[in-house]
Amino acid sequence: MSSAPQQGLSEAEIDTLAERLAGNPNPKALSLEAVDGLFCALIASPRAIMPHEYLPVVLGGSLGEAGMLDDLAQVQELMGLLMRYWNFIAHDFEHETVHLAYIEEPGVDGIMGRDWARGYMRGTRLAFDEWGRIFNDDREGLLLAVPLVAGEMDPEWPKEPVTPERNDELLRSMLAGAARAYRYFKEDRIAYAMAAVRPEPYERAGPKVGRNDPCPCGSGKKYKRCCGGAEAPDAGVH
């Protein structure tokens with residue numbers, strides 16, 4: 001492990017989370033490095049991604065496929081650690097220059113950060129239409145290191161072994177690009193959050209009934225003498 005967020009999570013808890021994720025028998029499950037990348041993308045996302053959307057990505061499927069249905073305590077422990085890990089990343093993005101990701105050595109295919117990059121790209125695909133904007137923005141070239149390292153820009157990359165110096169450069173570009181993405185979509189996240197709590201405007205089902213109009217209940221009486229007159233002696237008597 002080359003680096004990992006420290007604030008609020010002990011080394012033992014990080015190791016426990018990594019072990020719980022690695023112990024998932026589902027071959028599609030993510031490692032902690034990939035979860036770190038996934039969460040970085042989800043936290044920066046222009047729209048909120050709910051746990052029911054990303055948890056199957058983390059587990060590689062359902063709780064049953066992850067072999068967790070018979071152990072509620074294990075599920076609760078894992079979810080608690082994941083939520084705390086999410087909060088640490090969010091804190092880094094909001095208060096630090098960059099988030100120092102959890103990166104395993106020597107890396108997938110000998111490329112440090114490849115699993116992180118693949119996790120990040122999984123996260124962008126949960127809101128793919130919105131993410132296209134930043135990937136096509138010429139001012140945000142640093143973020144292109146992520147799909148490059150993930151192997152999505154060129155499946156045959158690299159043509160030759162990546163030197164440690166080049167790998168460090170790519171890691172710095174990816175983490176700086178992730179931090180920029182968080183800032184890039186900030187206004188989108190605010191607008192999405194405000195729209196989510198804004199009440200729907202009231203729309204009257206039909207035209208307003210005047211007090212002297214016939215009551216819409218069909219009684220033949222004036223509205224004020226029927227359903228519109230709560231104090232009328234014969235109100236509601238049709």
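This report looks at the salt bridges and the main nonpolar core of a predicted model.

**Charged pairs**

Let's start with the charges. Side chains of opposite charge can pair when their charged atoms come close. Searching the whole structure turns up twelve salt bridges. Here are three of them, with the gap between N and O:

| Basic partner | Acidic partner | N to O distance |
|---|---|---|
| Arg133 | Asp188 | 2.9 Å |
| Arg139 | Asp137 | 2.8 Å |
| Arg180 | Glu140 | 2.8 Å |

Take the Asp188 and Arg133 salt bridge to begin with. It links distant parts of the chain: Asp188 belongs to helix α9 (residues 186-197), Arg133 belongs to helix α6 (residues 128-135), and 55 residues separate the two. Both ends are partly exposed, with a relative accessible area of 25% for Asp188 and 40% for Arg133.

Next up is Arg180, which forms a salt bridge with Glu140. Arg180 sits in helix α8 (residues 164-184) while Glu140 is in the loop between α6 and α7 (145-150), so this pair ties together parts that lie 40 residues apart in sequence. How accessible are the two ends? Arg180 is partly exposed at 33% relative accessibility, whereas Glu140 is buried, its relative accessible area being 9%.

There's also a network here: Arg47, Glu53 and Glu130 are joined by salt bridges that share partners.

The bridge between Arg139 and Asp137 brings together opposite settings. Arg139 comes out as exposed at 64% relative accessibility, because exposed means over 50%. Asp137 has 12% relative accessibility and so counts as buried, the cut-off being under 20%.

**The nonpolar core**

Now for the greasy part. In soluble globular proteins, nonpolar side chains tend to be buried together. The largest nonpolar core in this model has 62 residues, and the members touching the most other members are Phe39, Val58, Trp116, Tyr120 and Trp131. Which helices feed this core with at least two residues each? They are α1 (11-22), α2 (32-44), α3 (51-59), α4 (72-95), α5 (114-124), α6, α7 and α8. Of these, α2 gives the most, with ten residues.

Tyr120 is worth a stop on the way through. Leaving aside residues up to four places away in sequence, Tyr120 touches Gly37, Leu38, Cys40, Ala41, Trp131, Leu143, Val146, Ala178 and Ala181. One of those contacts, Trp131, is also among the core members that touch the most others.

Terms used:
Residues are numbered from 1 along each chain as its sequence is written. This is a predicted model: local features need pLDDT of at least 70, side-chain atom pairs count only at pLDDT 80 or more; totals for chains, interfaces and linings use all residues. Side-chain values use heavy atoms; hydrogens and water are left out. A salt bridge is a side-chain nitrogen of Lys or Arg within 4 Å of a carboxyl oxygen of Asp or Glu. Helices (H or I, at least four residues) and strands (E, at least two) are DSSP runs, numbered from the N terminus. Buried means under 20% relative accessible area, exposed over 50%, partly exposed in between (1.4 Å probe, protein chains only). A nonpolar core is a set of buried Ala, Val, Leu, Ile, Met, Phe, Trp, Tyr and Cys residues joined through side-chain atoms within 4.5 Å. Contact means heavy atoms within 4.5 Å.
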